Amino acid sequence: MGRVTERRRIIRIRDGAVSARPDTLVAEEPLEIRLNGRPLAITMRTPGDDFALAAGFLVSEGVIAAADEVQSIVYCAGATADGVNTYNVVDVKLSPGVEVPDITLERNVYTTSSCGLCGKASLDAVRTQARFPIADAPPVSVTPELLASLPDRLRAAQRVFDRTGGLHAAALFSEEGELLDVREDVGRHNAVDKLVGRALRDGRLPLSRAVLLVSGRASFELAQKAVMAGIPLLAAVSAPSSLAVDLAAETGLTLVGFLRGANMNVYAGEHRIALEAPAAQG
C-alpha cells in the first residue's frame, strides 16, 4: 500500500536565508479501476481508502447504488514484469444479476486529480439518471449559522493537510452539524468518492439527510456526485461553475458557494436554508 505522504529534500528560502531541509509532500499515485476484470478508468489519487474510492466512483457513474450490488473489491497484480502487486489496480466484481454497462465508449479514460470529467463523450453521458431523486428526499433545513461553522470544523479534521498543505477535503455533516465522515485526497472528486463509497459499503445510501462540504470549488462533477448519492445540500468554500448551478436547479440540489465565515451565496435550492424573513420596509 502506498504511503499518504512522502519526504523530499528541498532548498528553503526565508527572508534571504537559504537552508536545505526535508519537506513532507502528499503522495500521488495512479489507481486503475477495473469492472469485472475490464479496465474502466485511471485516476491520480492519494493512496488509501481505495476500495471506497472505487465504489464511490461507480455510484457517481450510475453503475451501483447499494452494497449488495458489489460481490467483491480486490487489489490486482500490477503491471510490473515480476507480477508484484503495486496496490494501484483495483477490480470491482458486480453481484450476479447486476447489469454491467457498456464502458467502451462512455468511459475507459485517463483522468487527472484535477479533472474527473476528462474524456466524457458528452455532458449527456454525465447526467446519469439518479436512483435517489432529491425531490423525494425527507425535508432538510439548516441555518446559515450552522453552515458558517462547518468550514472550520472541516479544517480542524484535515490531519494530512496540516503536514503537507496539499490536499483537498470533503466532509459529510448531519443537518444538526455533526461531523459524520471526512476524507482527504489530492483530487477533490476522489475525496467525495471516498465518502460516498464508504457510505455505500456501510449501507447508508442514500445520504438524504446529509450536508456535503468540499474545501475547494463546486464543479459540475461534484454536484453530480452529490445528486447520485442522494445528498440534498452541497456547500463549497469557493465558487461553483455555471454547469454545477444548472444541474442543481434541474435536480433540486441546494448549492451554496463562497462559504466563508458568515458570508455565503446560495445558488439553488434556497428552500433548505432557514432564512429570516426580510424586514418590512415602511
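**Entry 1: Asp 181**

I started with Asp 181 and found it in strand S9, residues 179-185. This is a predicted model, so I keep that in mind for everything below. Is Asp 181 buried or exposed? Its relative accessibility is 8%, and the cut-off for buried is under 20%, so Asp 181 counts as buried.

Next I looked up its polar partners. The side chain of Asp 181 reaches the side chain of Arg 183 in a polar contact of 2.9 Å. Another polar contact, at 3.1 Å, runs from the Asp 181 side chain to that of Arg 198. Leaving out residues up to four places away in sequence, I listed what Asp 181 touches: Ala 170, Ala 171, Leu 172, Leu 195, Arg 198 and Arg 204. Arg 198 therefore turns up both in the touch list and as a polar partner.

**Entry 2: the chain as a whole**

I stepped back for an overview. I count eight helices and 13 strands in the chain. There are 282 residues, and 50% of them are buried. The accessible surface is about 13,300 Å², with 51% of that belonging to carbon and sulfur atoms. I also checked contacts with a separation of 6 or more: 52% of them are between residues 24 or more positions apart.

**Entry 3: how far to trust it**

The average pLDDT for the chain is 85, and 83% of the residues score at least 70. Where is confidence lowest, and where is it highest? Strand S7 (residues 109-111) sits at the bottom with a mean of 46, while strand S11 (residues 233-236) is at the top with 98. I marked residues 105-123 for caution, as pLDDT stays under 50 there. The model still gives that stretch 50 contacts beyond four places in sequence.

**Entry 4: the S1-S2 hairpin**

Back at the start of the chain, I looked at strand S1 (residues 5-14) and strand S2 (residues 17-26). They pair antiparallel over ten bridges. Two residues separate S1 from S2 in this hairpin, and Asp 15 in the turn has a positive phi of about 55 degrees. I also noted one facing pair: Ile 11 is opposite Ala 20 in S2.

**Entry 5: helix H7**

How many of the nine residues of H7 are buried? I got nine of nine for residues 220-228, so the helix is largely enclosed by the rest of the structure. Charged names are on the list too: Glu 221 and Lys 225 are among the buried residues, along with Phe 220, Leu 222 and Met 228. After H7 comes Gly 230, with a positive phi near 75 degrees.

**Entry 6: a ring cluster**

I searched for aromatic pairs and the count came to two. Phe 51 and Tyr 75 make a tilted pair, 4.8 Å centre to centre with 40 degrees between the planes. Phe 51 is in helix H1 (residues 50-60) and Tyr 75 in strand S5 (residues 70-75), so this pair ties together parts 24 residues apart in sequence. Tyr 75 also pairs with Tyr 87: the centres are 5.0 Å apart and the planes at 80 degrees, so that pair is edge-to-face. Tyr 87 lies in the loop between S5 and strand S6, twelve residues from Tyr 75. Together the ring pairs link Phe 51, Tyr 75 and Tyr 87 into a cluster. Phe 51 is partly exposed at 23% relative accessibility, and Tyr 87 is partly exposed at 32%.

**Entry 7: Pro 39**

Last stop was Pro 39, in strand S4 (residues 38-45). With a relative accessible area of 41%, Pro 39 is partly exposed. Its C-alpha is 8.4 Å from that of Asp 91, which is 52 residues away along the chain.

Methods
Residues numbered from 1 in each chain as written. Heavy atoms only, no water. pLDDT = per-residue confidence, 0-100. Helix = DSSP H or I, 4+ residues; strand = E, 2+ residues; numbered from the N terminus. Contact = heavy atoms within 4.5 Å. Pairing = 2+ DSSP bridges. Buried < 20%, exposed > 50% of the residue type's maximum accessible area, 1.4 Å probe, protein only. Areas by Shrake-Rupley, 256 points an atom, 1.4 Å probe, with all protein chains shown as cover. Polar contact = N/O pair within 3.5 Å; in protein donor to acceptor, adjacent residues only side chain to side chain. Phe/Tyr/Trp six-rings, centres within 6.5 Å; stacked < 30°, edge-to-face > 60°.
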